[in-house]
Structures are given as structure tokens and as C-alpha cells.
Amino acid sequence: MKITRLTVNQFKQFRQPVTLDNLTDGINLFVGPNESGKSTLVNAIRAAFFERYKSTGVANLQPWGDSAAAPEVEIDFEWQNQTWKLQKRFLKRQRCDLLIDQQHFSGDQAEEKLADLLGYQFASKGASKAEHWGIPGLLWVEQGCIQNIHLPVDHAGHHLKSALSGTLGDITSTGGDELIARVENERAALLTKTGQPTGELKKIQQECEQLQTQLIELNDKVQRYRTSVDRLGQLLQQRDEIDSQQPWLPYRAKAKEAEAALAAAQALQNEQQRDQQALKNCHSNLEFCQQQLRDFEQRAQQLSQRDAEKTKAARALAECQQFTAQLKQRRELAEQEFQKAKDALKAAREQINRRNLQREHDRLSEQLNQLRQNHQATAELQAALLKLRAQLQTQAVDDKQLARLKALHKELHEIHIREQAIATRLQYDLQPGKSIQIDDQAINGTGEQLLLKSTSISIPGVGTLQIHPGGKDINDLLRTRERLQAEAASVLTQLKVTSLAEAENHVTQNQQVAAQIDQHQTRLQMLAPKGVDAVVSDFKLAEQQHQSLTEELAKLPDAPAGAIDERQVETALATAEAVLKTAENANYEHLRELALRERECESANNEWQKLQAELQSPEHQSRQRESLDRLSHLKAEENQLRNAIQNRQKQIDSANPAILQQDVKRFTNSAESLENEAANRTVEISTLQVQLETLGAQGLDEAQNTIEQEFKRLSQRRQQLQRRASALDLLLNLLRENRQILTRQLQTPLQKHLNHYLNLLFPGATLTVDENLRPEILTRQNNNADLNALSFGAREQMGLISRLAYADLLNEAGRPTLIILDDALVHCDGERLEQMKRVLFDAGERHQVILFSCHPERWRGLGGGGENARQWKMMAIVFAVLLLPCLQPR
């Protein structure tokens, strides 16, 4: 197949007709800059074949912004010594015409004729997609897609195998595909792809499982029914033999006897506990009496000790009183010396304090003068600021209102200009002494008036003229002027001015006032950085301090004539103070010791007298006698309680209350157990009778027989389906194995063409194909690499070589081939590109190759022929001089 001429019109960026003609066999190279229309021409060829002429989903073919355009493509090509001419128009005045020599086809018939010829199909709805493009989708490569080979091969797989069937006989006929598809469908009705049951087989298996479950449940029910019958007989026999005798009554009687004996033993235990508590209390009382008697003896011993302590304290007090007068005299002399030194220091400090106060008073006087000046200056600046701010507030102008007023004046000025342009002009030149009346105004002399509305002109002695201006926009203009004038008057009222000039003058004055305010604020900030209030506060504080110092100086006595050495006076005072402290400490220690001796003497005397009075009192002697009597009584009570406790413990041990309590529990539990067994038997008998009546009414035997028969029938059907599924699975595997053998035979011619091109690029290398005729593994120098693992440039090269091999295969099968490459091999290095040029030149010997590129320097040496080169140079000039001005961005 060879395209000889291509014309596009109103197609994407080509708004005017563009034609490529005189295309030849072999390689046709077209180069040009980006956006010169190369890819658009490729899209035109694809649209002419792939898109239905009636499709509404091809609006993207129209030039940008031109919805009325009707994209049109015309292609002339040759095939088997026949001339084919295709004309197709989209969207507007849709048409499709195909002329084969003198035979004419149109519409859907023409499109189906092309699809059968080239091996592709149309989309049932909407725009065509990659899965519809078949063999052309494999050989016509769009920009940036040459490295993608697997999906185009899959989409063209059916057509490739159909082409191969002509060379290898009928080994790949569609009948074999239909047989495999039929077996697959039959198998899929029974088994999934993984061999799991599905469809009727799965349904039969599920029903068998359900029936088997039901049968197991029925068998369980029958077994439970029989077990329940046996259990009911046992329970009825036990009720007749055991429950009728009431065996729990003797145990109830024994439990009551044991409870009575236990109550008697517990009474003895209670009495024993009371006597034991009484014995414990008796021991406590004995200990208390004995402690009281020991206390009486200790008190008598303490009286002798306190008499000795009293005598010792009186002797120590007499010794301490001998030093009192001597220490008092020493302290008084030290106090007199200290007072003299203290008076001398006071006089010295008053003199120093007066000098310090006088210096501070002088400093504050200077500071007060400075603060007074700052205070006056800040007050003046603050008053000026208040006045300026009041002035600024009084004549404030709102910026938005002023802008609106300016806009209104601008619009009124424009309206005035328009009035000057469209108004009726009345020019008059009256004789001296003559006048006319225009509306209510008398006019004389020479002048001109603009008439914008109906006007009455009275001419004395002549009559009245009515003039009606004829412009259709005059009334609207007048109303607009009145509206704008009213709005301008409203804005002037709000701004409290009479004109725009006055408002602008206020703005200028406000700007000057604002500048003065900024200057005053700057000066005020310099004078009062902390604020005016801080200046006032500092001034008042300094004034108060100055007044306070003046008053304090007035109160001080006059300074003495001579100077006093403060350091010498302080040293004398410190010496006198140290002597005084020594005398005071000695006197203090003596007085503290004297007071302590006096308190000790007094305390010892009081303690002796108190204890002597206590021991000789009648109450003490009476308590001592009572304690002795109570001790004798408590000892007798202790012996009596011990004897009673021993005798009663023997009775308790003989009764053994723990065993009696166990007997009560044992006999009671035995009676309750027998009663519960009888009650439970009665309940179980009733329950079993109800259950057996219910199960008997269900017809378990009949249901069991019915389900067994149905389960047997379904099991037979399941076996039949399983045998059929196994047979289909085996048949499908055999067919697929046979198909793989045939596929390997199909791969041989394709492998031959692949190796032919591959050896031009990589001598000795091989490229294997899988059962779907897709290139798979590249082997070079004993290294295997998956096609997807290669670099981007290498995948581009393998993609082109694979497409050329498919084209050779189709050519041998007598199918039309055309190779279109849009900016291919852009990632090839220089060395590889030279080898790929050899590959392309070799393919050009058997196929027409149309190659578009924006890199002419890369394709030098491709060997497309001198005539082709001259034609393309002329085409490049046509593009540059004539067509490029017509091209617009899409």
C-alpha cells in the first residue's frame, strides 16, 4: 500500500487546505519545526480511517474556536495495481466516499471496505479507541508511543493470526478458536478458571451438602427420640420405686435431733464465754489494785527525796544572792558612758544630715526649674494639638464621598460634551432694537443657544416657532444629567461644601494641618517620651520633694561652729556600747541564774509540802486500806471462776458441738438432695413426655426416607456433572496444548523477520515472542533481558524493529502495509541511530515509510533518494512562506 496524496482542510490548526502529494515508495521524510502541523497530518490520516464520518465525538478535529468548521480529509493511495481515493468530511455536511478505479462506495459501506482491507474495526459508539485500531494501530505510531508494543500487538492479534493463516494453511483458522471458545464456555458452566465448581455443578453440590446436613440432623433427632424413650422409662421406674417411699423424712428427723443437741452444747459454750470474760476482767482488776499499792509505796519514798532537794535548792540560792549588788553597780557606770557617746554621735550626724539635705535641696531646685519649663512647653503643644485636631475634625472630608463627587463631575462634564455635540444650535443676529422671546427669556443682539428640549420662540409681528430637537438620546441625556446633578448636590451637602473646588481646598488644608499635627507630636514626643501625664506627674513630684526638703531644713538646728569627726565619735560609741553589753550580759546572766535558783527553791518546797499533806491525809490512808481489802476479794473470785470454767469445759468437750453441727448439715443436705432428685425427676418426666409427643407428630421416619431418596438422586447427578467437568477440562487442556504447538509454528516466520532486523542492530542477538506473538526476551551475548527491563531508548528500538517484522509478515501474507512514524527514536544515541537508519532503509525496500521529525540533522544519511529530498525542500519552503501565516494555535 502506497499513499500518493494527502489533503486536509479545516482540520485542527489547518484552517485552509494543505496538500502533500508526489509521495513515493520507500522512505518519505518530512521535517519541520514544532507546531508546524506534522502531528496534525498524522492525526488526519488516523481520523480518515479510524473515525466514522457520522461520529459526533470528534469535535476536537475542528480548528480551535471555530464550531462551524467541517474537518475534511482526502487520501489517494495505491494497492494491488488499483487506485483508491478516500474523501471524508466530519461534523458538518458529513460524507464518506471511496473510489476504487471506477467503482464507487459511500457511507458505512465505504468505511467497512477500508476496515476489512487494513484490518481494524470501528467503535460502536463515540470516538475510536486503541482497542479498535488493529493492524494500523500497530504500524502507525503516534508521537512518544513507539516503545509501547504489547498492547498494540494484543489489539492486532486476531488480524495478525488471520494473515498468518494464509501462509501456513488453516492451522490457525477461526474454527479452532471457536472450538476452544466453545469448550471453554462449556467448562466455565461447570468449573471456574481455578478449577472450582460453579453453575449447576456448584448448585448440585450445595444442595447435596444441604440434604446431607438435613439427613444428619434427622438422624440425630431419631437417635434423641429413642434415647428419650429409654430415659422416660427409667425415670418412671425410679419414681415408683424411690419417690413413693419418701426417703428424705428419716433424715429430716435426725437433723432435728442433732439441732437440739447442738443448741444445748451452744448454751454451755455461751456460759463458758461469759465466765472467761469475767475471769479476764478479774485479772485486770487485780493488776490495777496491785499497781495502786505499788504507787503508795513509791509516794512515801518520793517524800524523803523531795526533802533533800529542798535543802539543796535553799543553799544554792544563798550563794547566788551574794553577787547581785556588785553586778548592778558595774552596769550603771557602763550605761552612763554609753549615753555620753550616743549624744556626741547624734550631734555629729545632725550636722552631716543638714549638709546632705542642703545639697539635695539645691539639686531639686535646678530640676524643678527644668521640669517647670518642660511642663509649660508640653501644655502649650497639647493645646495647639487640640486646636489643630478640632480644625481637622471640623473640615474633614470623606475620601469615598470626594471620589464619588469627582466621578459625578467627570460624568457631568462628559454629558456636557455630549450635549454640545447633539444639541440643536440656535444662532441669531437681530437688528438693533429688535428682540425675540425664547420660552420666557427675551433675546436681542447676536449670540447662540443650545436647545436640548422643546423650545418656543416668539417673534413679534411674525408668530411663534416650536423647535423640537430630533436626537433620540436627548431625553435620556437630560434625565441622566438631572440625576447626576441631584446626586452631586447630595454629596456636596454631606461634605458640607458648595463645590468640588471647596472640597479639594479642604483636603489640601487638612493635609497641611495633619503635617503640623505630626510636627507638634514629634516635639511633644521629644519633650514627653513617656506622655504628658508623666511630665505633669514628674513636675508635681519634684515640687513636693522640694517643699518637703525646705520644711525639713527649717526644723533642723543651726550647725555648730566647729567640725565634728564622725568616725572618732562612732569609735568611742562602739567602745562604750561593747562595755555596756558586757556589763548587761553579766547582769542578765546573774539575774537569770538568781531567778532560776529562786524558782527551784520554791518548787522544791511546794512539792515537799504537797506530798507530805497528801500522804498524811485521811483520804489517802482510806484508799490504801480499800485497795488491800479489794485485793483479797478479787483473789477469791479468781479461784471460783477458774473452777467453774474447768468443769464446764469438760461438759462441752463431751458434747462435741463441731460434730453435732456437721450432723445437722449432713442430715439436712441428704434430705434436700433426695427431695430435689424427686422434683427434678417429675419435671424431666413432663418435659420428655412433651418432647416425645412433638417428635412423634413430625413423622421423623417418613422425612428421613424422603431426604435419603433425594440425596441419592442428587448424588448421582453430581457424579455425572463431575465426570463431564473432568472430561471438558481434559479436552480443553489437549486443545490448548495443540494450539501452543500450532502457535510455535506461527512464531517461526515472525521470528525470522525479527532476527533479520535485529542482526542489523545487534549481530548474533535474538528476540523471542510469546504465544500471543508479543516480543518478550532479548538475548545478547548469552545475557537475557525482559523487554520491559531495557532502557527507554532500547525499548524504542525494539518497538520499531518489532513493527517492521510484523509489516514484513503481513506483506508476505499479501496484506497492505503502511508505516507511519511521528518523531520516533528521539532517545537514540548517535551510534544506535546510524544502525537504525540502516534498519529503516532496509524496510523501505518493501514498504512505504512516512517519517515526520523536527530534527532534520538526525536523519541525514537515511538514504531517502535525491528526488524525495528536493520535494521535501520545496515542501518546507511552502510551509515557511505560504502556510505558516495561516496557522493558528489550536
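Two strands count as paired if DSSP finds at least two bridges between them. In this predicted model, β15 and strand β16 (residues 775-780) clear that bar, with three bridges joining them, and the two run antiparallel. One of the contacts can be picked out by residue: Leu 767 has Leu 778, in β16, as its bridge partner.

The pair belongs to an open sheet of three strands, laid out in the order β15-β16-β17 with antiparallel pairing. The edges are taken by β15 (766-769) and β17 (783-786), each of which pairs on one side only. On average, neighbouring strands in this sheet are turned by 25° against each other, ignoring direction.

Now for the helices. Two packed helices are described by the angle between their axes and the distance between the axes. For helix α7 (residues 248-321) and helix α14 (residues 618-655), the axes come within 8 Å and cross at roughly 155°. Angles over 145 degrees count as roughly antiparallel, so α7 is roughly antiparallel to α14. The crossing of α7 and α14 is left-handed. Sorted by class, the residues in the contact of α7 with α14 come to 18 nonpolar, 12 polar and nine charged.

Ahead of α7 sits a loop, and Ser 244 is found there, between α6 (199-241) and α7. Is Ser 244 buried or exposed? Neither label quite fits: Ser 244 is partly exposed, because its relative accessible area is 47%, and exposed would take over 50%. Ser 244 can also be placed relative to Ala 678, a residue 434 positions away along the chain; the C-alpha atoms of Ser 244 and Ala 678 are separated by 9.4 Å.

Note on methods:
Residues numbered from 1 in each chain as written. Predicted model: local features only at pLDDT ≥ 70, side-chain atom pairs only at ≥ 80, totals over all residues. Heavy atoms only, no water. Axes fitted to C-alpha atoms, helices over the stretch in contact; angles between N-to-C directions. Helix = DSSP H or I, 4+ residues; strand = E, 2+ residues; numbered from the N terminus. Parallel < 35°, antiparallel > 145°, perpendicular 65-115°, else oblique. Left-handed = near helix turned anticlockwise from the far one by under 90°. Nonpolar A, V, L, I, M, F, W, Y, C, P; charged D, E, K, R; others polar. Buried < 20%, exposed > 50% of the residue type's maximum accessible area, 1.4 Å probe, protein only.
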